[in-house]
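Open the model in your viewer, switch to a cartoon view, and let's walk through it together, one selection at a time.

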Amino acid sequence: MRRLGLVLLAVMVAAALSEVQGQVILFFGRVVDEGGRPIAQAQVAVLQGDLLVLAVETGADGRFQMMLPRGRYVLRIYKFGYQPLYVSFEAAPERGGDIGTFSLRSAITVVADALRISALQGDEVRVRVRVINSGTDFIPVRFELRAPTGWECKLLTPEGLAVSEVSVPPGSQRNLTLQVSIPVNAAAAGEVEVTASWAGLSQRVNLTFMVGERRWDVLTIAYESVSGFPGALIRIPLTLRNPLQQEQAFSVVASAPPGWISAVVDPRGVTVSRVILQPLTSANLTLMIYVPQPTTVGTYFVDVIVASDLLKISKRVAVSVESSHDIIELALPVRQVELTGASSRSVTVTVRNLGNAPTQVTLSAACQPAALRCYFQASGKGNLSLYVLPSEEKPVSIIIEALPAATPGQYLVRISAVGSASAASAELVAAVSGSKSMRVGTERLAVSLAPGSAGSTQVSVANTGSIPIEVTAYVIEAPQGFLVTLAPSTLQLLPGEEKKLMVTVKVPENATDGVYNVAIGVEGDGIREYRVLVVEVKGGTELGYYAFAAILTALSFVSVLYGQRRGRSGVWSRRS
């Protein structure tokens with residue numbers, strides 16, 4: 001009340017003086033900030049044009065007063081750290097006294113591009129922060145950052161330097177980046193507080209981070225569900241990975257139903273409960289599950305739990321326990337084979353038992369008998385029996401042979417497998433592109449020679465097939481001391497082409513009179529023909545026409561029988 005009385009007294013005195021003297025008028029006012037708080041030591045300058053008329057300073061309560069003569073003036077209200085304020089007013093006796101409250105704005109403004117940010121655990125988030133100086137002074141600004149425990153925050157310049165203070169020129173701005181590293185075990189939300197301080201003033205900017213749970217690629221299990229049977233030992237590959245930039249020590253636990261046995265083993269088969277991984281590395285492990293006997297049919301669950309100081313993940317494997325049965329599967333490496341007449345190919349068939357019980361599998365191969373012959377290499381027949389355990393694979397070779405007279409075309413080969421409770425089949429196509437056929441002549445396969453002499457005869461060879469063949473002729477068997485040569489020993493025959501082989505026989509000088517046989521083989525790309533050359537040895541005397549013809553007739557039967565006997569007994573060995 002006393003202060004108010006003094007103010008009223010000053011106003012009355014000023015009015016009286018103005019009336020009496022007409023010279024000065026008392027004015028007073030107050031300076032506050034944007035929040036209405038008084039600003040002490042603010043400078044209030046009275047300007048008239050470029051002339052400074054008067055300057056006063058606010059007190060601790062933000063108030064000021066001044067005596068001014070009549071006139072028009074501009075008030076400049078200013079304090080370091082604030083934007084200056086210019087106010088025009090007219091000094092007149094009737095306007096004397098309180099001229100009001102003047103509010104100064106802060107010179108510095110801190111603006112973040114976003115105040116609410118969505119992120120994931122382990123993210124590194126960057127937010128642009130602008131520091132704007134709207135004042136008339138070069139102002140240094142200091143920063144203080146506060147974040148939840150475990151979070152890392154820093155302010156970076158455009159050059160990437162971490163700073164805690166920047167100087168901002170008047171009328172400009174500085175661009176900074178707030179870099180926030182969110183820990184991998186961060187909670188659902190976190191708040192980062194940025195406090196800027198300058199000239200006794202401060203501004204606080206709060207940034208809220210909504211943190212989502214990251215699905216870390218820590219544990220990968222090959223199968224989420226498997227089938228088994230009582231007494232089965234199930235192996236499931238799994239991979240443990242450290243996705244962080246720091247070493248992690250993981251505990252590994254496998255939890256199975258009561259009575260079951262489960263463990264995680266390394267590639268050596270050693271059970272592991274703790275795995276140390278360097279940054280961004282992984283380890284290949286195996287989950288072993290034993291299904292005890294007896295176990296009722298149903299679905300059971302095995303949990304694998306992996307945890308470190310920062311990461312934790314669990315995954316579940318469903319084990320479907322079924323009754324004992326087999327599941328037979330056949331796999332072929334190809335769906336088509338290329339053949340020519342009288343050629344063959346071997347194809348490997350893989351027999352798998354995907355069931356949970358061992359089984360006896362009967363294999364059979366069927367094809368068109370007029371063009372192909374199919375048989376298993378192990379049995380030499382069109383059927384084969386195998387014993388296959390659960391999860392076992394057995395390779396079996398099947399021979400597909402195109403007959404010499406096979407007509408070009410595509411033929412279906414069907415392979416069947418029958419187990420105890422299941423069956424399977426597979427098919428492939430045998431594409432026959434041409435036939436192989438050869439004719440060996442039988443005319444003049446006889447010579448009459450004297451001891452110590454030599455003689456020759458010709459054998460015709462014709463390609464009666466549809467593809468070129470290479471023919472080789474060789475001596476299978478000759479009497480002791482006889483020298484037999486074939487020229488040429490190799491022929492290239494196009495389809496429909498016929499060539500001659502020259503057979504030369506030299507009889508030893510000590511040969512006794514009689515009839516001798518020379519066995520000759522002619523082979524063309526798997527086709528074999530056999531002929532017998534009859535050599536009559538008689539001391540310098542030619543046989544009569546009828547006698548020699550009778551001998552040839554008799555020996556022709558011998559040649560046929562000889563060839564049939566050799567054909568039944570297998571392939572003759574070549575004798576040079």
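Begin with the whole chain: buried residues make up 41% of its 576 residues. Keep in mind as you look around that this is a predicted model. Colour by secondary structure and you should find 2 helices and 44 strands.

Now show the surface. The chain exposes about 30,600 Å², and carbon and sulfur atoms supply 51% of that area. If you turn on contacts instead, consider pairs of residues at least 6 apart in sequence: 66% of these contacts join residues at least 24 apart.

**Stop one: an open sheet**

Select 328-331 and 372-376, which are β27 and β31, the edge strands of an open sheet. Each of these two pairs on one side only. Which strands complete the sheet, and in what order? Reading across, the order is β27-β29-β33-β31, 4 strands with antiparallel pairing. Turn the sheet so that you look across its strands, and follow the twist, which averages 25° from one strand to the next.

Zoom in on the β27 side. Strand β29 covers residues 344-353, and it pairs with β27 in the antiparallel sense over 4 bridges. To see one such pairing, display leucine 330 and its bridge partner in β29, valine 351. Strands of a sheet pair through backbone hydrogen bonds, so show the backbone atoms here too.

**Stop two: β24 and its partners**

Next, select residues 282-290, which form strand β24. Add residues 233-241, strand β20: the two run antiparallel and are joined by 9 bridges. For a landmark on this pairing, pick arginine 241, which stands opposite serine 282 in β24.

Then add residues 261-265, strand β22, which also runs antiparallel to β24 and is joined to it by 5 bridges. Here the residue to click is serine 262, whose bridge partner in β24 is isoleucine 289. While the side chains are on display, remember that in a regular strand they alternate between the two faces of the sheet.

**Stop three: the largest pocket**

Finish at the largest pocket, which holds about 500 Å³ of space. Which residues lie nearest its centre? Select Ser227, Ile234, Leu354, Gly355 and Ser391; they belong to a lining of 22 residues. Now colour β19 (225-228), β20 and β29: these are the elements that give two or more residues to the lining. You have already visited two of them, β20 as a partner of β24 and β29 as a partner of β27.

How values were computed:
Residues are numbered from 1 along each chain as its sequence is written. This is a predicted model: local features need pLDDT of at least 70, side-chain atom pairs count only at pLDDT 80 or more; totals for chains, interfaces and linings use all residues. Side-chain values use heavy atoms; hydrogens and water are left out. Two strands pair if DSSP finds at least two bridges between them. Axes are lines fitted to C-alpha atoms, for helices over the stretch in contact, and angles run from 0 to 180 degrees between N-to-C directions. Buried means under 20% relative accessible area, exposed over 50%, partly exposed in between (1.4 Å probe, protein chains only). Contact means heavy atoms within 4.5 Å. Accessible areas come from the Shrake-Rupley method with a 1.4 Å probe; for residues, only the protein chains shown count as cover. On a 1 Å grid over the protein atoms alone, a cavity is a set of points where a 1.4 Å probe fits but cannot get out, and a pocket is an open set with protein on both sides within 12 Å along at least five of seven lines; lining residues have an atom within 4 Å of a point. Grid points are joined across faces, edges and corners, and a volume is the space filled by probe spheres set on the points.
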